Amino acid sequence: MKKIILISLFAIVVAAYFLFDIGQYFSLEFIKSQQESFNTYYQQHTFLSLVFYFVVYVIVTGASLPGAAILTLLGGAIFGLFTGVILISFASTIGASLAFLVSRFVLRDAIQKRFSDKLNVINKGIEKEGAFYLFALRLVPAFPFFVINLVMGLTNIKLKTFYWVSQLGMLAGTIVFVNAGAQLAQLDSLAGILSPGIIFSFVLLAVLPFIGRAIVNRINSHRILKKYPKPDHFDTNLLVLGAGAAGLVSAYIAAAVKAKVTLIEKHKMGGDCLNTGCVPSKAIIRSAKLLSQIAHSQKYGIASASAKFKFSDIMARVHDVISKVEPHDSIERYTKLGVDVINAEARLVSPYAVEVDGKTITARNIVLGTGASPFVPPIEGIENVDYYTSDNLWQMSEKPKTMLILGGGPIGCELTQAFNRLGIKVTQIEMAPRILLREDSEVSELIQNRFIKEGVALKLGHKAKQFIKRKKKDILIAEFEGSDVEIAFDSLVVAVGRSANTSGYGLEELGVNLTDRGTIEVNEYLQTNIPTIYACGDVTGPYQFTHTAAHQAWYAAVNSLFGVFKRFKVDYRVIPWTTFCDPEVARVGLNEIEAKEQGVAYEVTNYGLDDLDRAIADSETLGFVKVLTVPGKDKILGVTIVGDHAGDLIAEYVLAMKYGLGLNKILGTIHIYPTMAEANKYAAGNWKRAHAPEKLLQWVAKFHRWRLG
Ligand SMILES: Cc1cc2nc3c(=O)[nH]c(=O)nc-3n(C[C@H](O)[C@H](O)[C@H](O)COP(=O)(O)OP(=O)(O)OC[C@H]3O[C@@H](n4cnc5c(N)ncnc54)[C@H](O)[C@@H]3O)c2cc1C
């Protein structure tokens, strides 16, 4: 019954507002035209005016009607700064609390539906930060005033807390608005608009969100950092943990802008990419590709060709490649750049300090670039197998006869094809129905077919259950379509993903927050919940690539060093990547799976490499360029390229997307003949043909016929 009465009351107020066009009375013109009479009435009936104004304000804000801002200006104009602020501060908070109650007890379902995205964000904030989060929302208007009231009603915050935090949080905004109203009231000619009072009040209005944000940041920093004594003097401006792509680039940037920077690496300079990731994997892929080309020499008009090789020589070449790239990431190079490099394990001991080699080093800010490690799933019996991961794979010196590779992601696929081409009988196990699950299904299909053709035993839909030993032989028991299958192997490579390195160096003790994915949680400035500590690269994600680690490093370094003046939000709009199997799979932006998931409308344009002159000349015709565009518009949403050197070809689309260039621009650019890059232009040509103005062309055809005479 109570609910019905409340809903009816609410409906009556809202209906009356719109039916009688009450909104017109909350316009600046109306108020300005009536200012004289309002003032006179206020002089004659002061108490009544205050009560009437108060009630109207509470109704408008309580019913979440538009007009609160204008009412506030009016309050300032009639009552002046002091009375206006007191009156409005209470009226707005009571109104907000009414809206909060209506939402909590009456409109729950409707509001949940209408503002579910905001509800999720706010709920998470409240869960973590409690009342301070509401205070921050009030001070920094990230959401409209009425949305905060309504959505807060659905959280579990107490009414009492909501009331006092709202009153306190809205006070600064109320003062600024009421002051603007009071100033505007004194305006009697257009010239007065340039008076210092008016200009100052408008400046205050404009800078309010920034001041609010600064206050919130300050309070937040203080809340977290107050437990730790701040050194009077810091040893260094920036401490960087980890010398992988993320840490190296952070240190490089800090040194380039003349900061004192200390880089600490516990293992090898260059991190995973140089020592156990990109570089060794690409080196082995190259040797494997040559062997594959020799094995398929007939394709190139060579009746037979053979290769004599030792597995250990190929592995030696891998290490040789690493040592040739090493100088780029070396201690010597970074020392010359002005970075203090320490080769030891660091441990965070406070938001300002790490302990390394028994010494404490203090810094104003810290960047964590501590990377990720191969994830080893807890499959029964795995501990009894001498398995490899990308960490120790490169130490393998003898060629196993058979190899089982667990995982159908990019790393699993690259290794599967490479080792298979080196003459190892590889079985690849993937739990999902296809490999490269993030890519569109035709991409997976093309690569799967290629793998099968090359002799890989591809086991899709196989769930690894248990490792056993039988007659000294290692065997995997996997579940496939409800039954157990056994797969024997000589060596096992686990490549099922990588988890962020977040334990063992003080994160837990400091209370650095982690995400559900187990990575370090950062905000859009790559700052952790400890304001002096930033994170970038694999340890925070969301991407796990060398180029994204380097991209993030710029933001982490610049925001930590110059955040007091200006902070930059990390830009993830155009992120490319490549899986370096043969043919390569490169992508930037959306594919069809993601477009569908995100409800983004798209058109597809395809171009097959079997049509491309250079691809035909190179006998590398397997693959395609697939472009997703906004329907009817020359705006690229995403591109997938499968083909030889796809990772290089995609660069043109990365540039186009980054700078908002469309397919017309790619089509209008001269591409050298005959190159693989021409594929990009032909894909753009296909799009253009599909969007040709048919009607106009019919008229043009008529024109030409007429010109024939
Ligand atoms: C097989 C394989 C192939 C790959 N291929 C590619 C590819 O082709 N392209 C691509 O873009 N990406 C590739 N990657 C991913 C790429 O290697 C990573 O994304 C990249 O290395 C991440 O860099 P990072 O600096 O975040 O972490 P890392 O390179 O892991 O560096 C972190 C460093 O921090 C150090 N560290 C950790 N804790 C501490 C501590 N407490 N004190 C001091 N030091 C510490 C570690 O020793 C490590 O050196 C590949 C990865 C693998 C495994």
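# Exercises on a predicted model

Outside its neighbours within four places in sequence, Met 152 is in contact (heavy atoms within 4.5 Å) with Phe 100, Arg 104, Ile 122, Ile 126, Leu 134, Leu 137, Val 147, Ile 157 and Phe 162. This is a predicted model: local features need pLDDT of at least 70, side-chain atom pairs count only at pLDDT 80 or more, and totals for chains, interfaces and linings use all residues. Residues are numbered from 1 along each chain as its sequence is written, and side-chain values use heavy atoms, with hydrogens and water left out.

## Exercise 1: the core around Met 152

Task: state which residues of the largest nonpolar core touch the most other members, and which helices supply the core.

Solution.
1. Fix the terms. A nonpolar core is a set of buried Ala, Val, Leu, Ile, Met, Phe, Trp, Tyr and Cys residues joined through side-chain atoms within 4.5 Å. Buried means under 20% relative accessible area, exposed over 50%, partly exposed in between (1.4 Å probe, protein chains only).
2. Pick the residues. The largest core has 30 residues; Ile 122, Leu 134, Leu 137, Met 152, Ile 157 and Phe 162 touch the most other members.
3. Assign the helices. At least two core residues come from each of helix 4 (68-105), helix 6 (116-129), helix 7 (131-139), helix 8 (145-153) and helix 9 (159-185). Helices (H or I, at least four residues) and strands (E, at least two) are DSSP runs, numbered from the N terminus.
4. Find the main supplier. Helix 7 gives the most, with 7 residues.
5. Look elsewhere. A second, separate core has 27 residues, including Tyr 228, Leu 241, Ala 500 and Val 539.

## Exercise 2: helix 7 against helix 8

Task: describe how helix 7 and helix 8 cross, and which residues make the contact.

Solution.
1. Take the geometry. The two axes come within 10 Å and cross at roughly 160 degrees. Axes are lines fitted to C-alpha atoms, for helices over the stretch in contact, and angles run from 0 to 180 degrees between N-to-C directions.
2. Classify the angle. Helix 7 and helix 8 are roughly antiparallel (over 145 degrees).
3. Give the hand. The crossing of helix 7 and helix 8 is left-handed: the near helix is turned anticlockwise from the far one by less than a right angle.
4. List the residues. Helix 7 uses Leu 134, Leu 137 and Arg 138; helix 8 uses Phe 145, Ile 148, Asn 149 and Met 152.

## Exercise 3: the cysteines

Task: find which cysteines form a disulfide, and why Cys 413 has no bond to Cys 581.

Solution.
1. Count. The structure holds 1 disulfide, a pair of cysteine sulfur atoms within 2.5 Å.
2. Name the pair. The sulfur atoms of Cys 273 and Cys 278 are 2.4 Å apart.
3. Read the torsion. The value about the S-S bond is about -130 degrees, so this disulfide is left-handed.
4. Check accessibility. Cys 273 is buried at 17%; Cys 278 is partly exposed at 28%.
5. Test Cys 413. The closest cysteine sulfur, in Cys 581, is 5.9 Å from that of Cys 413, too far for a bond. Cys 413 is buried, at 0%.
6. Test Cys 536. Cys 536 is in no disulfide, and the nearest cysteine sulfur, that of Cys 273, is 14 Å away.

## Exercise 4: placing Leu 590

Task: is Leu 590 buried or exposed, and what does Leu 590 touch?

Solution.
1. Locate. Leu 590 lies in the loop between strand 18 (584-589) and helix 20 (592-597).
2. Classify. Leu 590 is buried, with a relative accessible area of 13%.
3. List contacts. Not counting residues up to four places away in sequence, Leu 590 touches Ala 595, Gln 598, Val 600, Leu 628, Leu 637, Gly 638 and Val 639.

Terms used
Angles under 35 degrees count as roughly parallel, over 145 as roughly antiparallel, 65 to 115 as roughly perpendicular and the rest as oblique.
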